[in-house]
Amino acid sequence: ASIPKLRLPGMTATYSLSFLFLLFAVVHFTRPEALVMACAAATTQMLCNTRRRPSLVQVLFSVANLIVTVAACYLVARVWLAPELERCRPAVLALVAAQYFVINTVLVSGVLALLEGKPLAVICQRWYEWSFPYYLIGAALVGLVPSSGHSVSGEAWLILLPLVYLVHFYVGLAQWKAAPSNTREQGGVGLARAARIYVHGVLAAGVL
């Protein structure tokens, strides 16, 4: 799963499908098995289907990144939240996916920020715009896979419908960003009076 890579609209970076299997391993496999899968996934992702041969340091950093990420996710899912994993698997799976996203993103964007001399926020925005739908859809797919003692109802697959629309939204966002600035709508900085009243009304209702 690490060999094929996704190049999403508006992105120069690629994504690996190994995340799906690593998330599944955290929930269903032992810790040594999950860590071995992380090492294999990182090595394969770095060495196969790449334009340039990476250095040894790059490969080792990628392996260490996934080891830290998977080990931390395993600790939360199988140690701290082990009882909850049996009682409310979707909630724990969503938490683990979010944890995986945060750790992996911060580690990779951190080293890129240091190498390029740019703020961390700029690197995250440029390289990880697609991370949210990518990890969210991955968590949903892994959660829908039947496992021993856990069945999945047919209507549970309806969760994929809003996720498909989310991908549609991000494709449109990438196309909008790629369009020339003079073709975008040029709006004023301030809101119109009616829009301002509307926004404040919704905010007030939310506070109440």
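**Exercise 1. Which residues of α3 are buried?**

Solution. The model is predicted. Start with the limits of the element: helix α3 covers residues 56–80, 25 residues in total. Now apply the cut-off. A residue is buried when its relative accessible area is under 20%. The residues that pass are Val59, Ser62, Val63, Asn65, Leu66, Thr69, Val70, Cys73, Tyr74, Val76 and Ala77. Next, find their partners. These buried residues pack against α1 (18–28), α2 (31–47), α4 (82–87) and α5. Last, check the length. From first C-alpha to last, α3 reaches 35 Å, close to the 36 Å expected at 1.5 Å a residue.

**Exercise 2. Describe helix α5 and what follows its end.**

Solution. Take the span first. Helix α5 runs over residues 89–116 and has 28 residues. Its end-to-end C-alpha distance is 40 Å, close to the 40 Å expected at 1.5 Å a residue. Then list the buried positions. They are Arg89, Val92, Leu93, Val96, Ala97, Gln99, Tyr100, Asn104, Thr105, Ser109, Leu112 and Ala113. Now step past the helix. Gly117, just after α5, has a positive phi of about 65°.

**Exercise 3. Find the salt bridges and state how exposed each partner is.**

Solution. A search of the whole structure returns two.

- Step 1. Arg87 and Glu84 are joined through their side chains, at 3.2 Å from N to O. They sit three residues apart in helix α4, so about one helical turn separates them. An α-helix has 3.6 residues a turn, so residues three or four places apart point the same way. Arg87 has a relative accessible area of 63% and is therefore exposed. Glu84, at 31%, is partly exposed.
- Step 2. Glu116 pairs with Lys118, with the closest N and O atoms 3.9 Å apart. The cut-off is 4 Å, so this pair counts. Glu116 is partly exposed at 33% relative accessibility. Lys118 is partly exposed too, at 36%.

**Exercise 4. Classify the aromatic pair of Phe24 and Phe29.**

Solution. The whole structure holds two aromatic pairs. In the one formed by Phe24 and Phe29, the ring centres lie 5.9 Å apart and the planes meet at 85°. Plane angles over 60 degrees count as edge-to-face. The pair is therefore edge-to-face. Now add the surroundings. Phe24 is partly exposed, with 23% relative accessible area. Phe29 is also partly exposed, at 27%.

**Exercise 5. Locate the nonpolar surface patch and place Tyr198 in it.**

Solution. The patch consists of Leu191, Tyr198, Val199, Val202 and Leu203. Together these residues have about 510 Å² of accessible area. Tyr198 belongs to helix α9, residues 193–207. Its relative accessibility is 61%, so Tyr198 is exposed.

**Exercise 6. Summarise the whole chain in numbers.**

Solution. Count the elements: nine helices and two strands. Write their order along the sequence: β-β-α-α-α-α-α-α-α-α-α. Then take burial. The chain has 208 residues, and 29% of them count as buried. Turn to the surface. The chain exposes about 13,100 Å², with 69% supplied by carbon and sulfur atoms. Finish with contacts. Consider those with a separation of 6 or more: 61% of them join residues 24 or more positions apart.

Methods
Residues are numbered from 1 along each chain as its sequence is written. This is a predicted model: local features need pLDDT of at least 70, side-chain atom pairs count only at pLDDT 80 or more; totals for chains, interfaces and linings use all residues. Side-chain values use heavy atoms; hydrogens and water are left out. Patches are made of residues with over 30% relative accessible area and no salt bridge: like charges are joined within 9 Å, nonpolar side chains (Val, Leu, Ile, Met, Phe, Trp, Tyr) within 5 Å. Accessible areas come from the Shrake-Rupley method with a 1.4 Å probe; for residues, only the protein chains shown count as cover. Helices (H or I, at least four residues) and strands (E, at least two) are DSSP runs, numbered from the N terminus. Buried means under 20% relative accessible area, exposed over 50%, partly exposed in between (1.4 Å probe, protein chains only). The expected span of a helix is 1.5 Å times one less than its number of residues. Rings of Phe, Tyr and Trp (its six-membered ring) pair if their centres lie within 6.5 Å; planes under 30 degrees apart count as stacked, over 60 as edge-to-face and the rest as tilted. Contact means heavy atoms within 4.5 Å.
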